[in-house]
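Trainee: I'm new to this one and don't know where to start. Could you pick one part and take me through it slowly, ring by ring and neighbour by neighbour?

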Amino acid sequence: RLDHVVSEVAPRLSAGVTVVSDRYVCSSLAYQAQDCPADWVRAINRLAPVPDLCVFLRLNAGVAGRRMRSSRQSRDIFERLAFQRLVAAAYERAVRAIPRSRLLVVDGALPPVEVFARMQTRLEKLL
């Protein structure tokens, strides 16, 4: 995470570029904390800058699984339903630590155009 911040994110931010990332600290807490102590995962991510906005697409693991099955011929180990339920619960815990002023929770079951509209509204205010 920190290598990515130093080599990719920080230089772009310094240049005035808006950076959008589809994975960040919450992803580490959701995935790596399945195999490592969550306190350790938090500790190694502690120097990662807090984003101006974290968008959390909340979606039931069963619905996510159906979407994956319909869009792919094969799934990897991380896409099994039991594992995805653990990951979803870990994401829920992780986003609780994000200040509300920096968090946007969107229902991922909404139609894509509606998800985009909710994100766009918040981003327009931010930018």
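Mentor: Let's begin with F83, which counts as buried because its relative accessibility is 18% (buried is under 20% relative accessible area, exposed over 50% and partly exposed in between, using a 1.4 Å probe and protein chains only). Keep in mind that this is a predicted model, where local features need pLDDT of at least 70, side-chain atom pairs count only at pLDDT 80 or more, and totals for chains, interfaces and linings use all residues. Residues are numbered from 1 along each chain as its sequence is written, and side-chain values use heavy atoms, with hydrogens and water left out.

Now the rings. There are 3 aromatic pairs in the structure (ring centres of Phe, Tyr or the six-membered ring of Trp within 6.5 Å; planes under 30 degrees apart are stacked, over 60 edge-to-face, the rest tilted). In one of them, Y31 and F83 have ring centres 6.0 Å apart, and the pair is called tilted because the planes sit at 45°. That pair reaches across the chain: Y31 belongs to helix α2 (residues 25-31), F83 to helix α5 (residues 81-95), and their positions lie 52 residues apart (a helix is a DSSP run of H or I with at least four residues, numbered from the N terminus).

Y31 has a second partner, Y91: here the ring centres are 6.3 Å apart and the planes meet at 85°, so this pair is edge-to-face. With Y31 in α2 and Y91 in α5, the pair ties together parts 60 residues apart in sequence. Y91 is buried too, at 16% relative accessible area. Put F56 into the picture as well, and ring pairs join Y31, F56, F83 and Y91 into a cluster.

Next, look at Q84, another residue of helix α5. Q84 is buried, with a relative accessible area of 12%. So what is Q84 in contact with, leaving aside its neighbours within four places in sequence? The list is Y31, A61, M68, F78 and E79 (contact means heavy atoms within 4.5 Å). Notice Y31 there, the residue whose ring also pairs with F83.

Finally, see how α5 meets another helix. Helix α4 (residues 61-71) packs with α5 at an angle of about 130°, and their axes are 9 Å apart (axes are lines fitted to C-alpha atoms over the stretch in contact; angles run from 0 to 180 degrees between N-to-C directions). A61, G62 and M68 make the contact from the α4 side, while L81, Q84 and R85 make it from α5.

Definitions and conventions:
Helices (H or I, at least four residues) and strands (E, at least two) are DSSP runs, numbered from the N terminus.
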